[in-house]
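Visitor: Could you zoom in on one small spot for me, and then show me how the rest fits around it? I'm new to this, so please explain the words as you go.

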Amino acid sequence: MLAVFLQTLPFFLIVGLGYGAGRTGFFTQEATAWLTKFVFYFALSAMLFRFSANLSFAEVLDWQFLAAYVWATGFVFGLAMLIAFLRRQPVAEATIEAQCAAIGNTGFLGVPMLTLLMGSAAVGPVMLVLAADFVVFGTLVVILITGSRDGRMSLGILRTVGLGLVKNPMLVSIVLGFSWSALRLPIPDPLNQFLSILGGAATPRALFAIGASLASKSAERPMVAGYLSVCKLVLHPALVAFAALILFPVEPYSAAVMIAAASLPVAGNVYILAQHYGVAPHRVSATILFSTAGAVLTVSLVIGWVSGLY
């Protein structure tokens, strides 16, 4: 377990370096925003396109895998919403809290870290987790928040969902990469080199950007943020393990990657959604802060455990 912790530690040290740079003002919020934009639209997108273009979609697609992940994540999502309703929270706030409890930082943290720690074969399962988060739960959040405000479903909501998916560079990169692979097109050496160099910039910059963005996070309702962090770091991977190993048995290595992905802290895009819709952004920021700090230990424990599954 110590060996696994020492393997994950460098990733979180880079996050800590970014946090220190942001906290001291050496790296401003404006600089963090531009760095995040570079990673989101260019470096990480290049990495995902290159990975998916070298994979076969037919081999990666696993309906049993998706069933296990969507069931477990949906269970956590629904439970968090139920608890929020019992606390008399409106639908929009309950939805955002559910997103905190169930959606991890698979893009910025999971893709670079899990592919390095668990091997390049982890790329396929990680992409399926990303796709489920974007398409299923990203869509659900927009429908619930917008629908609760409008009081009904409308074409406008569906248009918003569609535009959100089309404008997400990570999802677009995965789709384009798999399309390239399906057409059996070779990647020319200069293009492959270009994608490799640009994609190589994703890992350190994404981790640094996570830390720098945490420096501006404030703690509102720490008790709620703490409970949501426990849901994300402990309950989510536990239920994913139950689903992937017992309920919808998945091939051991893929199950291990899925469980590790589920153990990741709350995704930064949940804060972007909360800010965009004006729904409890400070509560979300506190949850991201707490869960990322706790993940230094819990992610190592989970990866150490799942490494014995394959």
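Guide: Let's begin with a word we'll need right away: a residue is buried when its relative accessible area is under 20%, exposed when it is over 50%, and partly exposed in between, using a 1.4 Å probe and protein chains only. What you see is a predicted model, in which local features need pLDDT of at least 70 and side-chain atom pairs count only at pLDDT 80 or more, while totals for chains, interfaces and linings use all residues. Numbering starts from 1 along each chain as its sequence is written, and side-chain values use heavy atoms, leaving out hydrogens and water.

Our spot is Ala 280, in the loop between helix H14 (268-277) and helix H15 (281-306). Helices here are DSSP runs of H or I with at least four residues, strands are runs of E with at least two, and both are numbered from the N terminus. With a relative accessibility of 14%, Ala 280 counts as buried. The odd thing about Ala 280 is its backbone: phi is positive, about 45°, although this residue is not a glycine. As a rule, most residues other than glycine have a negative phi.

Now hop to another loop for a companion. Arg 184 sits between helix H9 (169-182) and helix H10 (189-200), and its phi is positive too, near 55°, again in a residue other than glycine. What about its cover? Arg 184 counts as exposed, since its relative accessibility is 74%. So one of these two loop residues is buried and the other is exposed.

Helix H9, on one side of that second loop, also holds Leu 176. Leu 176 is partly exposed, at 48% relative accessible area. From Leu 176 to Asp 189 you go 13 residues in sequence and 18 Å in space, C-alpha to C-alpha.

Let's step back to the whole chain. There are 15 helices and zero strands. A compact globule of 310 residues would have a radius of gyration near 19 Å, and the chain agrees, with 19 Å. That radius is taken over C-alpha atoms, and the globule rule is 2.2 Å times the number of residues to the power 0.38. The C-alpha atoms fill a box of roughly 55 × 45 × 40 Å along the principal axes, and 51% of the 310 residues are buried.

How does the chain hang together? Say that two residues are in contact when heavy atoms come within 4.5 Å. Of the contacts between residues at least 6 apart in sequence, 84% join residues at least 24 apart.

Next, the inside. A nonpolar core is a set of buried Ala, Val, Leu, Ile, Met, Phe, Trp, Tyr and Cys residues joined through side-chain atoms within 4.5 Å. The largest one has 92 residues, and Leu 44, Leu 48, Met 118 and Met 258 have the most contacts inside it. Helix H7 (residues 123-150) gives the most to this core, with 12 residues. Apart from it lies another core of six residues, including Phe 49 and Leu 195. As for Leu 44, its contacts beyond four places in sequence are Val 39, Gly 107, Phe 108, Val 111, Met 170 and Ala 202.

A few more helices show these sequence-distant contacts. Ser 254, in helix H13 (residues 252-262), is buried at 14% relative accessibility; setting aside residues up to four places away, Ser 254 touches Phe 65 and Pro 125. Leu 239 belongs to helix H12 (residues 222-247) and is buried, also at 14%. Beyond its neighbours within four places, Leu 239 meets Trp 71, Ala 72, Phe 75 and Val 76.

Helix H11 (residues 202-214) contains Ala 212, which is buried at 5% relative accessible area. Not counting residues up to four places away, Ala 212 touches Gly 18, Tyr 19, Gly 22, Phe 27 and Thr 32. Ser 213 is found in helix H11 as well, but at 23% relative accessibility it counts as partly exposed. Its C-alpha is 9.3 Å from that of Arg 23, with the two positions 190 residues apart along the chain.
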